[in-house]
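Colleague: Could you take me through one part of this model up close, with the cut-offs spelled out as you go? I'd like to hear about the long helix and whatever it touches.

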Amino acid sequence: MTIFYNGAGMSKIEAKNLQLEAIREKWPEYKDQIMALYYKDTKFRAICDDYYLSLQYLNKFRREFSEKRETIEEYEKLLNDLATELQGRIDKK
């Protein structure tokens, strides 16, 4: 069983509640069926666990990519500015 711990000291019950809540938020109209399946069907519970873990990693990668994209854009601007300055000095010679 996959459990994603979001912080130190988080119990399995708290992690399960987060996983279950993520599924219920995605399909709120099926919350009763989700609860029944989650506590009855181990395969369904494993899929929920994997869904939650995948969601957590996707959000993490989105944040990291966003931060890296800003850095890339800054370096592209710096590179263009330096190229312009170099071109100006080359043209003067």
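Modeller: Here is the overall setting, then the helix, then its contacts.

This is a predicted model, so to speak of local features I need a pLDDT of at least 70, and side-chain atom pairs count only at pLDDT 80 or more, while totals for chains, interfaces and linings use all residues. Residues are numbered from 1 along each chain as its sequence is written, and side-chain values use heavy atoms, with hydrogens and water left out.

Confidence comes up front. pLDDT is the predictor's confidence in each residue, from 0 to 100; the chain averages 84, and 83% of the residues score at least 70. Residues 1-9 stay under 50 throughout, yet the model gives them 21 contacts beyond four places in sequence, a contact being heavy atoms within 4.5 Å. Among the elements, α2 has the highest mean pLDDT at 93, and α1 the lowest at 79.

The secondary structure is three helices and zero strands, running α-α-α from the N terminus. Helices here are DSSP runs of H or I with at least four residues, strands are E runs of at least two, and both are numbered from the N terminus. The helix you asked about is α3, residues 42-92.

Let's walk along α3 by its charged pairs. The structure holds four salt bridges, each a side-chain nitrogen of Lys or Arg within 4 Å of a carboxyl oxygen of Asp or Glu. One of them joins E73 to R69, with the closest N and O atoms 3.6 Å apart. Both residues sit in α3, four residues apart, about one turn of the helix. E73 is partly exposed because its relative accessibility is 42%, and R69 gets that label because its value is 46%. For the labels, buried means under 20% relative accessible area, exposed over 50%, and partly exposed in between, with a 1.4 Å probe and protein chains only.

Further on, K77 pairs with D81, the closest N and O atoms being 3.0 Å apart. This pair also lies in α3 with a spacing of four residues, about one turn. K77 has a relative accessible area of 53%, so K77 counts as exposed, whereas D81, at 40%, is partly exposed. Then R89 and E85 meet through their side chains at 3.8 Å, N to O, again within α3 and four residues apart, about one turn of the helix. R89 is exposed at 57%, and E85 is partly exposed at 46%.

There's a nonpolar side to the story as well. Y75, L78 and L82 make a nonpolar surface patch of about 320 Å². Patches take residues with over 30% relative accessible area and no salt bridge; like charges are joined within 9 Å, and nonpolar side chains (Val, Leu, Ile, Met, Phe, Trp, Tyr) within 5 Å. L82 belongs to α3 and is partly exposed, since its relative accessibility is 41%. The areas come from the Shrake-Rupley method with a 1.4 Å probe, and for residues only the protein chains shown count as cover. For scale, the accessible surface of the chain is about 7700 Å², with 56% of that belonging to carbon and sulfur atoms.

Now for what α3 touches. Y51 lies in this helix and is partly exposed at 29%. Setting aside neighbours within four places in sequence, Y51 contacts I23, K26 and W27. The C-alpha atoms of Y51 and I23 are 8.0 Å apart, although 28 residues separate them along the chain. I23, in turn, touches I34 and C48 as well as Y51, leaving out residues up to four places away.

That leads to the largest nonpolar core, whose five residues are L20, I23, I34, Y38 and C48. The elements giving two or more residues to this core are α1 (12-26) and α2 (31-40). A nonpolar core here is a set of buried Ala, Val, Leu, Ile, Met, Phe, Trp, Tyr and Cys residues joined through side-chain atoms within 4.5 Å. In soluble globular proteins, nonpolar side chains tend to be buried together.

One polar residue is worth a look too: Q19 lies in α1 and counts as buried because its relative accessibility is 0%. The C-alpha atoms of Q19 and L55 are 9.8 Å apart, with their positions 36 residues apart in sequence. Across the 93 residues of the chain, 18% count as buried.
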